Amino acid sequence: MSKQLPEAPCCTPMAAERIPAAASATLAQAFKALGDPIRLQLMSMIASAPGGEICVCDLTPAFTVSGTTISHHLKVLREAGLIDGERRASWVYYRPRPELMRQLSTLLAVDDLVA
């Protein structure tokens, strides 16, 4: 259900080393997707779901916006490479893509920086 994104290797915190140009486009798209409060909440719900996945039927009632709006936000997260979705009968189940989440986390790490 999600498209395959180009690999965005990012192994060094940005405060320690410049981000390679090839990685910056994919990483920026992911950060942009997370820049919306509803998408950030959706990502949190998906990433913390028991069993590693959650049904859209459990996501939609948590918001006061329409199901169509939730679908749009899920599509943005999918296109950014943050989540995958799998249709089962009439519902779609979403799970996080930990590889990109790890890259974002590593990029923002400040543990090894000298103050």
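Two strands count as paired if DSSP finds at least two bridges between them, and strands themselves are DSSP runs (E, at least two residues), just as helices are runs of H or I with at least four, both numbered from the N terminus. With that in hand, Ile54 stands opposite Tyr94 in β3, and Cys55 faces Tyr93 of β3. The model is a predicted one, so local features need pLDDT of at least 70 and side-chain atom pairs count only at pLDDT 80 or more, while totals for chains, interfaces and linings use all residues. Residue numbers run from 1 along each chain as its sequence is written, and side-chain values use heavy atoms, with hydrogens and water left out.

Zooming out, the protein chain holds five helices and three strands, and reading along the sequence gives α-α-β-α-α-β-β-α. Of its 115 residues, 35% are buried, where buried means under 20% relative accessible area, exposed means over 50%, and partly exposed covers what is in between (1.4 Å probe, protein chains only). Contacts (heavy atoms within 4.5 Å) reach well along the sequence: among those between residues at least 6 apart, 64% join residues at least 24 apart. The chain exposes about 6900 Å², and carbon and sulfur atoms supply 56% of that; these areas come from the Shrake-Rupley method with a 1.4 Å probe, and for residues only the protein chains shown count as cover.

Now for the sheet. Its three strands form an open sheet in the order β1-β3-β2, with antiparallel pairing. β1 and β2 sit at the edges with a single partner strand each, so one side of each has no neighbour in the sheet. Strand β1 (residues 54–55) is joined to β3 by two bridges, whereas β2 (residues 83–88) pairs with β3 over six. One of the residue pairs linking β2 and β3 is Arg87 with Val92.

In a regular strand, side chains alternate between the two faces of the sheet. Strand β3 (residues 91–96) shows this: Val92, Tyr94 and Pro96 point to one face and are buried, while Trp91, Tyr93 and Arg95 point to the other and are not. Helix α4 (residues 67–79) lies across β2 and β3, running at about 125° to β2. That angle is taken between N-to-C directions on a scale from 0 to 180 degrees, using axes fitted as lines to C-alpha atoms, for helices over the stretch in contact.

The turn deserves a look too. β2 and β3 make a hairpin with two residues between them. Most residues other than glycine have a negative phi. Ala89, in the loop between β2 and β3, has a positive phi near 55°. At 74% relative accessibility, Ala89 counts as exposed.

Elsewhere, Met14, Phe31 and Leu108 make a nonpolar surface patch of about 270 Å². Patch residues have over 30% relative accessible area and no salt bridge, with nonpolar side chains (Val, Leu, Ile, Met, Phe, Trp, Tyr) joined within 5 Å and like charges within 9 Å; a salt bridge is a side-chain nitrogen of Lys or Arg within 4 Å of a carboxyl oxygen of Asp or Glu. Met14 comes in the segment before α1 (21–34) and is partly exposed at 45% relative accessible area. Leu108, in helix α5 (residues 98–108), is partly exposed as well, at 46%. Leaving out residues up to four places away in sequence, Met14 touches Ile19, Leu107 and Leu108. The C-alpha atoms of Met14 and Leu107 are separated by 5.4 Å, although the two residues are 93 apart along the chain.
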